[in-house]
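Work through these exercises with the sequence and the structure side by side. Try each task before reading its solution.

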Amino acid sequence: MTTLLHIDASARSGSSDTVAHGSHSRRLTSRFVRQWTTLHPETRVIYRDVGQESPSPITGKWIHAAFTPEHAREDWMHEELRASDVLIDELLKADIIVAGVPMYNFGPPAQFKAYIDNIVRVGRTFGFDRSRQGEPYWPLLAEAGKRLVILSSRGDYGYQLGGRIAHRNHVESSVRTAFAYIGVTDVHEAAIEYDEFADHRLAASIRQGEAAVDELVAKLGDKPLEGVQHRDQECLTD
């Protein structure tokens with residue numbers, strides 16, 4: 001059975017196709033999940049709304065706890081990492097991660113950055129060994145066969161690769177980098193632009209974004225989930 005992790009990061013609480021001034025990224029993620037589950041009704045969906053319930057930013061105590069080997073952690077350390085453990089456990093279960101990540105001031109929302117900081121964690125999603133020859137870091141999810149779909153929205157236009165202001169777009173690149181670091185490199189994207197213009201160009205971009213989502217559902221649905229290995233939680237701990 002396929003497990004799909006649906007993440008929304010927009011500060012707007014509603015989807016733009018159902019609520020005035022709603023979120024375009026939520027519109028795209030909900031469309032993807034709706035289309036996917038229609039075609040694959042056996043899919044298990046895990047939903048995480050970091051836009052409305054943001055993970056806590058990491059702290060010095062969090063870092064201390066994370067870099068302490070599990071067998072040596074004190075009770076307060078386990079408590080400090082509890083929310084991170086929940087987010088990572090969700091990620092480990094997922095075959096497909098569908099993330100709605102709008103552009104805020106050229107990058108992801110702070111809520112989504114907090115999510116990234118909680119799931120990119122030593123001993124759970126990446127390994128670290130100072131004595132290792134070459135790079136001391138390595139991804140722990142590289143053999144898990146996970147796929148990431150980044151669905152974004154932008155107020156301006158021309159942020160796509162080769163576009164007029166592509167150099168200002170730090171959304172997809174930063175999300176790709178973080179997930180690649182833990183071993184998720186099969187990444188797909190779609191976006192809506194022109195939100196601030198609110199005219200026929202926005203309407204056209206919405207249609208294009210929705211069509212791109214439909215194409216992604218069809219494309220990913222045709223790709224077998226071969227070689228997917230859900231590792232035991234024990235082998236991903238310190």
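The exercises below concern a predicted model.

**Exercise 1. Confidence**

Task: State the mean pLDDT of the protein and find the stretch where pLDDT is below 50.

Solution:
- Start with the whole protein. Its mean pLDDT is 93. A value of 70 or more is reached by 94% of the residues.
- Now look for the weak stretch. Residues 226–238 have pLDDT below 50.
- Check its surroundings. Beyond near neighbours in sequence, residues 226–238 make 31 contacts in the model.
- Be careful here. Where pLDDT is low, predicted coordinates should not be read in detail.

**Exercise 2. The nonpolar cores**

Task: Which residues have the most contacts inside the largest nonpolar core, and which elements give two or more residues to this core?

Solution:
- The largest nonpolar core has 31 residues. Leu91, Phe112, Tyr115, Leu148 and Phe179 have the most contacts inside it.
- Three strands give two or more residues to this core: strand 1 (3–8), strand 3 (96–100) and strand 6 (147–153). So do helix 4 (82–93), helix 5 (110–119) and helix 6 (172–182).
- Take Leu148 as a test case. Leaving aside neighbours within four places in sequence, its contacts include Ile97, Ala99, Val175 and Phe179. Polar or charged partners of Leu148 are among them too: Asp186 and His188.
- A second core is separate and has 18 residues. Leu28, Trp36, Ile192 and Leu202 are among them.

**Exercise 3. Leucine 220**

Task: Is leucine 220 buried or exposed? What does leucine 220 contact?

Solution:
- Locate it. Leucine 220 sits in helix 7 (residues 200–221).
- Apply the cut-off. Buried means under 20% relative accessible area. Leucine 220 has 0%, so this residue is buried.
- List the partners. Apart from neighbours within four places in sequence, leucine 220 contacts Phe32, Trp36, Arg147, Val149 and His188.
- Compare sequence with space for one pair. Leucine 220 and arginine 147 are 73 residues apart in sequence, yet their C-alpha atoms are 8.8 Å apart.

**Exercise 4. Salt bridges**

Task: Where do the partners of glutamate 210 and aspartate 89 lie?

Solution:
- Set the scene. The whole structure holds 18 salt bridges. Side chains of opposite charge can pair when their charged atoms come close.
- Glutamate 210 pairs with arginine 31 at 3.8 Å, N to O. Glutamate 210 is in helix 7 and arginine 31 in helix 1 (residues 24–39), so the bridge ties together parts 179 residues apart in sequence.
- Glutamate 210 is buried, because its relative accessible area is 14%.
- Aspartate 89 pairs with arginine 124, with the closest N and O atoms 2.8 Å apart. Aspartate 89 is in helix 4, and arginine 124 is in the loop between helix 5 and strand 4 (126–128), so this pair ties together parts 35 residues apart in sequence.
- Judge the burial of each partner. Aspartate 89 is partly exposed at 22%, while arginine 124 is buried at 2%.
- Extend to a network. Arg27, Arg31, Glu210 and Asp214 are joined into one network by salt bridges that share partners.

**Exercise 5. A surface patch**

Task: Which residues form the nonpolar patch on the surface with about 260 Å² of accessible area?

Solution:
- The residues are Ile58, Ile63 and Phe67.
- Place one of them. Isoleucine 58 is in the loop between strand 2 (44–49) and helix 2 (60–66). Its relative accessible area is 31%, so isoleucine 58 is partly exposed.
- Look at threonine 59, which lies in the loop between strand 2 and helix 2. Threonine 59 is partly exposed, at 35%.

Notes:
Residues numbered from 1 in each chain as written. Predicted model: local features only at pLDDT ≥ 70, side-chain atom pairs only at ≥ 80, totals over all residues. Heavy atoms only, no water. pLDDT = per-residue confidence, 0-100. Contact = heavy atoms within 4.5 Å. Patch = residues over 30% accessible without salt bridge, like charges linked within 9 Å, V, L, I, M, F, W, Y side chains within 5 Å. Areas by Shrake-Rupley, 256 points an atom, 1.4 Å probe, with all protein chains shown as cover. Salt bridge = Lys/Arg side-chain N within 4 Å of Asp/Glu carboxyl O. Helix = DSSP H or I, 4+ residues; strand = E, 2+ residues; numbered from the N terminus. Buried < 20%, exposed > 50% of the residue type's maximum accessible area, 1.4 Å probe, protein only. Core = buried A, V, L, I, M, F, W, Y, C linked by side-chain atoms within 4.5 Å.
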